[in-house]
Amino acid sequence: MRFGETEEIIKQGLRLSPEAWQLYDQLATAHYNEGQYGKAQEEWLRVLSIDPEPPAEVHAKLAAVYLQGGARAKAYAEMQAYLQAEPTGRFASRFKEMMPGLEPSRTPGTPSPQPAQPAIPNP
């Protein structure tokens, strides 16, 4: 199935059930996989507005989007939210490795224990 077909099917579902956060999550994933990070971010933020306590993976997905856009402080905050919800979850060890290099308090130009471009988890 092509992206356009997937997007249209999800949007039909949203017309019938506009509060179904799972559909927004699927739409965001489709956008992310197409490299449409701004649209993916918008949909995942909508998930959080519908369900303030979604599955922890939504935070991991938002962290990936923020990393793509260079919003390191926001990515860090989403990783923290993920770890708070799922301390031993699927992305926990990777986030724990990445977070020291993303700390918001780190002064630009200060050497980081992590590579400049941390590997982004695939949502």
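**Helix packing in an all-helical chain**

In this predicted model, helices H2 and H3 pass each other in a left-handed crossing. Their axes come within 8 Å and cross at roughly 165°, which makes H2 roughly antiparallel to H3, given that angles over 145 degrees earn that label. On the H2 side, the contact draws on Trp21, Tyr24, Asp25, Leu27, Ala28, Thr29, His31 and Tyr32. Facing them from H3 are Tyr37, Lys39, Ala40, Glu43, Trp44, Arg46, Val47 and Ile50. Sorted by class, the H2 and H3 contact holds ten nonpolar, two polar and four charged residues.

Stepping back to the whole chain, there are six helices and zero strands, so the order from the N terminus on simply reads α-α-α-α-α-α. The chain counts 123 residues, and buried ones make up 40% of them. As for how far along the sequence the contacts reach, residues 24 or more positions apart account for 43% of the contacts with a separation of 6 or more.

H3 also has a second partner to consider. Helix H3 (residues 37-50) packs with helix H4 (residues 56-68) at an angle of about 150°, and their axes lie 10 Å apart. That angle makes H3 roughly antiparallel to H4, and the crossing of these two helices is left-handed. H3 brings Tyr37, Ala40, Gln41, Trp44, Leu45, Val47 and Leu48 to the contact, while H4 answers with Val58, His59, Lys61, Leu62, Val65, Tyr66 and Gln68. The residues involved split into ten nonpolar, three polar and one charged.

H2 and H4 meet as well. Here the axes come within 12 Å and cross at roughly 30°, which makes H2 roughly parallel to H4. H2 passes H4 in a left-handed crossing. The H2 side of this contact is made by Asp25, Thr29 and Tyr32, and the H4 side by Val58, Lys61, Ala64, Val65 and Gln68. By class, that comes to four nonpolar, two polar and two charged residues. Asp25, Thr29 and Tyr32 of H2 thus turn up in the contact with H4, and they are also listed in the contact with H3.

Two of these H2 residues can be followed individually. Thr29 sits in helix H2 and, at 15% relative accessibility, counts as buried, because the cut-off for that label is under 20%. Leaving aside residues up to four places away in sequence, Thr29 touches Trp44 and Lys61. Trp44 takes part in the H3 side of the contact with H2, and Lys61 in the H4 side of the contact with H2. Tyr32, likewise found in helix H2, is buried with a relative accessible area of 8%. The C-alpha atoms of Tyr32 and Val65 are separated by 7.6 Å, with their positions 33 residues apart along the chain.

Val65 also offers a reference point for the link that follows H2. Gln36 is found in the loop between H2 and H3 and is partly exposed, with a relative accessible area of 26%. Gln36 and Val65 are 29 residues apart in sequence and 9.5 Å apart in space, taken C-alpha to C-alpha. Val65 itself figures in the H4 side of the contact with H3.

Closer to the N terminus, Glu7 has its place in helix H1. Glu7 is a charged residue by class, and Glu7 is buried, with a relative accessible area of 16%. Not counting residues up to four places away in sequence, Glu7 touches Leu27 and His31. Leu27 and His31 are both listed on the H2 side of the contact with H3.

The largest nonpolar core takes in 31 residues, and Trp44, Met79, Tyr82 and Phe95 touch the most other members. The elements giving two or more residues to this core are helix H1 (3-16), helix H2 (21-33), H3, H4, helix H5 (72-85) and helix H6 (92-98). H4 gives the most, with nine residues. As for Trp44, this core residue also appears among the H3 residues that meet H4 and among those that meet H2.

How values were computed
Residues are numbered from 1 along each chain as its sequence is written. This is a predicted model: local features need pLDDT of at least 70, side-chain atom pairs count only at pLDDT 80 or more; totals for chains, interfaces and linings use all residues. Side-chain values use heavy atoms; hydrogens and water are left out. Axes are lines fitted to C-alpha atoms, for helices over the stretch in contact, and angles run from 0 to 180 degrees between N-to-C directions. Helices (H or I, at least four residues) and strands (E, at least two) are DSSP runs, numbered from the N terminus. Angles under 35 degrees count as roughly parallel, over 145 as roughly antiparallel, 65 to 115 as roughly perpendicular and the rest as oblique. A crossing is left-handed if the near helix is turned anticlockwise from the far one by less than a right angle, and right-handed if clockwise. Contact means heavy atoms within 4.5 Å. A nonpolar core is a set of buried Ala, Val, Leu, Ile, Met, Phe, Trp, Tyr and Cys residues joined through side-chain atoms within 4.5 Å. Buried means under 20% relative accessible area, exposed over 50%, partly exposed in between (1.4 Å probe, protein chains only).
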